[in-house]
Amino acid sequence: SVTDTDFLSLLEQAKNLAANPKVAPLTYDGKVAIVTGAGGGLGRAYSLLLARLGCAVVVNDLGGSATGQGSDSRAADKVVEEIRQAGGKAVANYDSVEDGDKVVETAIKAFGRVDIVVNNAGILRDKSFARMTDGDWDLVHRVHLRGTYKVTKAAWPHFLKQKYGRVINTASAVGLYGNFGQANYSAAKLGIVGLTKTLAIEGKKNNILVNVIAPNAGTRMTATVMPPEMVEAFKPEYVAPLIAFLGHESCPESGSIFEVGSGWIAKVRWQRSGGVGFSSSQPLLPEQIAKHWSDIVNFNDGRATHPTSTQEAFQQFMDNFANSAVSE
Ligand code: NAD
């Protein structure tokens, strides 16, 4: 397990690395970031790091419970205070991300611009699908998917005008792979992946880069499912540097998914099997599908691909029309 001493020594190493002239420091002077749900957990760690790198930060947090009840301005205020005491620039915003325009307005009023949006706010309403109510479904979608949409939508005109923007969204392994009791959350989180991919395409020509992370960290949200040693070891500070990289002007990446936590970072992509082409001039029978099922689901015959765009994915369908060597 990682102790505080280990962690401090890692931090020390990171500082030495930053002081090494061979590694250009990623500074954020003059830039303005909005971090939603920044009153605790991951969002707090992101805000502290961005502020330390010179970024002015809007610390947004509604300050409610982990299941989305109530509100409290103290969560955001505390983080703003921490940043200011360390010599950084920050202001608080207490609106729900559902009121994204108000969150962005705070950035414009306080700092005159917005360059980076980190959509991080989130809640849980875990229940088996059989017991899940419309309320559980809707609230989770409103905070995660609609909240991400609303804050990004309000920042977008500023990004277009200045031909610059960085958006980092937050999905979850649960969105990518599913999990018992989290139908609402997994659906909203994969929705955020789709939103990320389309915004990356629409933002490209104006230097607006949009990526999405699936983090793992010991926070209020995971304290109920992770053992205490794990909560301690999976520090949000291990995730924050990826945010500072993806949010930086030198970042080359867009439209990508990353899994990150405990100091480990990896990119995730889709894989599609080589597939089976049937004749497009004859009706396709379910029996033919049954006959070829093991080929349809085979990823190990050397024909699997990793399509990176809808156009690339669609090409296979076009090719099938021209393909005379079709399966019977
Ligand atoms: P957290 O509960 O510590 O932080 C979430 C913050 O969002 C809280 O401070 C909360 O007050 C705030 N918030 C909730 N609803 C809001 C709203 N409507 N408007 C503004 N703020 C609101 O949890 P965390 O683990 O730091 O989670 C951060 C993000 O990471 C979430 O989107 C979560 O789904 C995602 N995530 C976390 C993990 C993990 O391992 N911790 C795993 C996968 C995904």
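This passage describes the ligand site and the charged side chains of a predicted model.

The ligand is a good place to start. A shell of 30 residues surrounds the ligand, with D61, N120, Y185, A217 and T219 being the closest. Sorted by class, this shell comprises 15 polar, eleven nonpolar and four charged residues. Several elements contribute to the lining: helices α2 (41-52), α5 (134-162) and α7 (183-203), together with strand β6 (208-216), each provide at least two residues.

Oxygen atoms of the ligand take part in polar contacts with the protein. At N120, the partner is a backbone N or O atom, 2.8 Å from a ligand oxygen. The side chain of K189 places an N or O atom 3.0 Å from an oxygen atom of the ligand, and for R220 the distance from a polar side-chain atom to a ligand oxygen is 3.3 Å. The ligand on its own would expose 820 Å², of which the protein buries 96%.

Turning to the charged side chains, the model contains eleven salt bridges. One of them pairs K31 with E249, at an N to O distance of 3.4 Å. K31 sits in the loop between α1 (4-19) and β1 (32-35), while E249 belongs to the loop between α9 (240-246) and β7 (257-261), so this bridge ties together parts that are 218 residues apart in sequence. K31 counts as buried because its relative accessibility, 17%, is under 20%, whereas E249, at 48%, counts as partly exposed.

E249 also features in the surroundings of R166, a residue of strand β5 (165-170). Which side chain of opposite charge is nearest to the buried R166? It is that of E249, but at 6.7 Å, and R166 has no salt bridge. The backbone of E249 does reach R166, however: the backbone oxygen of E249 lies 3.0 Å from a polar atom of the R166 side chain.

A further salt bridge links D136 and K127, with N and O 2.8 Å apart. D136 is buried at 3% relative accessibility, and K127 is partly exposed at 26%. E253 and K267 form another bridge, at 2.7 Å from N to O. Here E253 lies in the loop between α9 and β7 and K267 in strand β8 (264-268), so the pair connects parts that are 14 residues apart in sequence. K267 is exposed, with a relative accessible area of 52%. Finally, salt bridges with shared partners bring R125, K127 and D136 together in one network.

How values were computed:
Residues are numbered from 1 along each chain as its sequence is written. This is a predicted model: local features need pLDDT of at least 70, side-chain atom pairs count only at pLDDT 80 or more; totals for chains, interfaces and linings use all residues. Side-chain values use heavy atoms; hydrogens and water are left out. A residue is near a molecule or strand if one of its heavy atoms lies within 4 Å of it. A polar contact is a pair of N or O atoms within 3.5 Å; within protein, one must be able to donate a hydrogen and the other to accept it, and residues adjacent in sequence count only if both atoms are side-chain atoms. Accessible areas come from the Shrake-Rupley method with a 1.4 Å probe; for residues, only the protein chains shown count as cover. Helices (H or I, at least four residues) and strands (E, at least two) are DSSP runs, numbered from the N terminus. Ala, Val, Leu, Ile, Met, Phe, Trp, Tyr, Cys and Pro count as nonpolar, Asp, Glu, Lys and Arg as charged, and the others, Gly among them, as polar. Buried means under 20% relative accessible area, exposed over 50%, partly exposed in between (1.4 Å probe, protein chains only). Lys and Arg count as positive and Asp and Glu as negative; His and the chain ends are not counted. A salt bridge is a side-chain nitrogen of Lys or Arg within 4 Å of a carboxyl oxygen of Asp or Glu.
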